[in-house]
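Work through these exercises with the structure open beside you. Try each task before reading its solution.

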Amino acid sequence: MAEQNPQDAVPQAEPPADIVSIASGKRKAEEQLTKEMVEQQQQQQQTEQSAAPSSEQQPTEQTTTTATTDNAQELQVQQQQQQHQDDDGDNAKSQPADGTTPTATNEDGTPKLSKNQLKRLRKQAAHEQFQAERKEKRKEKRHQQQAKKRALKEAVAAEAIAAGEDPEEAVKKLYKEPWVAHPVPVAFIIDCDFEEYMRDNEIVSLSSQIVRSYSQNRRAKYQAQLVISSWKGKLKDRFVRVLNNAHLNWKGGVKCVEGDFMQAAEIAKRMMEEVDVKEGMIDLIKPSGNGGLLLPEPEVEETVEGEEGGDAAKAPKPKPEEEAEDVNQSIVYLSAESDYTLDKLEANTCYVIGGLVDRNREKGLCYGRAKAAKVRTAKLPIGEYMAMQSRYVLTTNQVVEIMAKWLECGDWGEAFLTVIPKRKGGTLKAESSCGTPAADNGENDEEENGAEKVNSEATATEVANQTTEQAQDVQMSG
């Protein structure tokens, strides 16, 4: 509806002055209100137009502000960490090498050392001085030995020239003949299938004994074929991790197999059939009629004192157990419980040694395994050749060395006397006129034991090795 002008509404009469003034004021108020409404509308439109781009830019501005804040925080954290590192470095530089905090400093700014620190420094200086002196002494001794060799060569050459001989040939005779490997068709098998009966330190001792067994057999005049059976578990792990696979560098006839001693015997038989081993046959190991074992003594009766009046009563001696007909003749398991005694080593025969270090806790393990596998058993003839002041207990490497020594000399007495430690008080029994070992009468026991005691006390190395060797004793028979 269109607005009408008040003047058009009353065209006939002239309105009074007061009415005109009122209408004029009203009109001005309406115009002013309309003008204000238009201005407000225009301002609202302008505000909406300007609000659209600002709303689009607002997230970017917020993101930029947040990123700037995060970068500032990260920079602040990095500065704090760098400051801590600098502080730690300054503290480390200010502290002594042993980690103690000095309580005071010297005039030059260096920290003062405690009495313990000074003591350690003096010990270190003394040790370094001792090392230098020992090195100088070794150098001087080496020069003296070289000068002695030169003088000996010159003297031998002069004598050869005076005798009209070739001096070079005379000098060559001074040197020993070069070592040459001489393998023989005899096998030593170390059965290591006793890990469940040994402690960790005993397994360490066994590993050392195996290394010595290889070394002794390798240096022997005649080398037997050496096989380590049940090569697994903690023992193998020690050789791999601690000993840095030292067994991989072993030379000659030696093998390590995971199977038991029966499987190792099959491998040893193939090793003994090799050409160079077959050609190493020596007279000592040629087969004999008894298979290298002494048969048990026949059953005899022993006399024991009666309970009343000293009457003598006769008690039968236990009858030795005879071998079964289906027993494996090519394998001999060494065991102290066996009724048979080892007389000699024979060709194409495997001799099994129990690799057990148990401080003599377990009894009859090796003998039981041999019986279950139906192989021959035998014990070393220690009692027939040696008078011992202690137990007949030998380490694994001692058994290997004794048999290797027998291959060289063919005499059990000499082999025992060479290998068994003097601290055990072992003396060689006197032989009877027929050549068989006889019981010792004991007349010279006191003198021999006294001489051995003096020798052991005079030798520092022997005394130092007593505890180590006794700790590594292993019962051969298990």
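**Exercise 1. Check the length of helix α5 (residues 200-219) in this predicted model.**

Solution.
- Count the residues: helix α5 has 20.
- Find the expected span. The rule takes 1.5 Å times one less than the number of residues, so helix α5 should span 28 Å.
- Compare with the model: the end C-alpha atoms are 29 Å apart, which agrees.

**Exercise 2. List the buried residues of α5 and say what they pack against.**

Solution.
- The buried residues are Glu202, Ile203, Ser205, Leu206, Ser207, Gln209, Ile210, Ser213, Tyr214, Gln216 and Asn217.
- They pack against the strands β1 (183-191), β2 (223-229) and β3 (254-256), and against the helices α6 (233-241) and α11 (396-409).

**Exercise 3. Describe α11: its span, its cover and what follows it.**

Solution.
- Start with the span. α11 has 14 residues and reaches 20 Å from first to last C-alpha, close to the 20 Å expected at 1.5 Å a residue.
- Then take the cover. α11 is mostly covered, with 11 of its 14 residues buried. Among them are Thr396, Asn397, Lys405 and Trp406.
- Name the covering elements. They include β1, α5, β7, β9 and α12.
- Move past the end. Gly410 follows α11, and its phi is positive, near 70°.

**Exercise 4. Is Gln398 buried or exposed?**

Solution.
- Place the residue: Gln398 sits in helix α11.
- Read its relative accessible area: 7%.
- Apply the cut-off. Buried means under 20%, so Gln398, at 7%, is buried.
- Look for contacts. Beyond its neighbours within four places in sequence, Gln398 is in contact with Val393, Val419 and Pro421.

**Exercise 5. Which strands pair with β7 (residues 328-334), and in what sense?**

Solution.
- Take strand β10 (residues 375-378). β7 and β10 pair in the parallel sense over four bridges. Val332 has Arg376 as its bridge partner in β10.
- Take strand β9 (residues 349-354). β7 and β9 also pair in the parallel sense, over three bridges. Here Tyr333 stands opposite Val352.
- Check the cover: five of the seven residues of β7 are buried, so strand β7 counts as mostly covered.

**Exercise 6. Classify two aromatic pairs by their ring geometry.**

Solution.
- Set the scene: the whole structure holds seven aromatic pairs.
- Take Phe239 and Trp250. Their ring centres are 6.1 Å apart and their planes stand at 85°. Planes over 60 degrees apart count as edge-to-face, so this pair of Phe239 and Trp250 is edge-to-face.
- Locate this pair. Phe239 is in helix α6 and Trp250 in the loop between α6 and β3, 11 residues apart; the pair links distant parts of the chain. Phe239 and Trp250 are both buried.
- Take Trp412 and Phe416. Their ring centres are 5.9 Å apart, with the planes at 25°. Planes under 30 degrees apart count as stacked, so the Trp412 and Phe416 pair is stacked.
- Locate the second pair. Trp412 and Phe416 both lie in helix α12 (residues 412-419), four residues apart, about one turn of the helix. An α-helix has 3.6 residues a turn, so residues three or four places apart point the same way. Trp412 and Phe416 are both buried.
- Look for a wider group: ring pairs link Tyr214, Trp231, Phe239 and Trp250 into a cluster.

**Exercise 7. Which residues touch the most other members of the largest nonpolar core?**

Solution.
- The core has 70 residues, and those touching the most other members are Phe188, Ile189, Leu342, Leu345, Trp412 and Phe416.
- Helix α7 (residues 261-272) gives the most to this core, with seven residues.
- Follow Phe416. Setting aside neighbours within four places in sequence, its contacts are Leu380, Pro381, Ile382, Tyr385, Met386 and Ile402.

**Exercise 8. What surrounds Val277?**

Solution.
- Place the residue: Val277 lies in helix α8 (residues 275-278).
- Check its exposure. At 2% relative accessibility, Val277 counts as buried.
- List the contacts. Not counting residues up to four places away in sequence, Val277 touches Pro183, Val184, Pro185, Gln225, Met271 and Met272.
- Add a distance. Val277 and Val186 are 91 residues apart along the chain, and their C-alpha atoms are separated by 8.9 Å.

Technical notes
Residues numbered from 1 in each chain as written. Predicted model: local features only at pLDDT ≥ 70, side-chain atom pairs only at ≥ 80, totals over all residues. Heavy atoms only, no water. Buried < 20%, exposed > 50% of the residue type's maximum accessible area, 1.4 Å probe, protein only. Helix = DSSP H or I, 4+ residues; strand = E, 2+ residues; numbered from the N terminus. Pairing = 2+ DSSP bridges. Core = buried A, V, L, I, M, F, W, Y, C linked by side-chain atoms within 4.5 Å. Contact = heavy atoms within 4.5 Å. Phe/Tyr/Trp six-rings, centres within 6.5 Å; stacked < 30°, edge-to-face > 60°.
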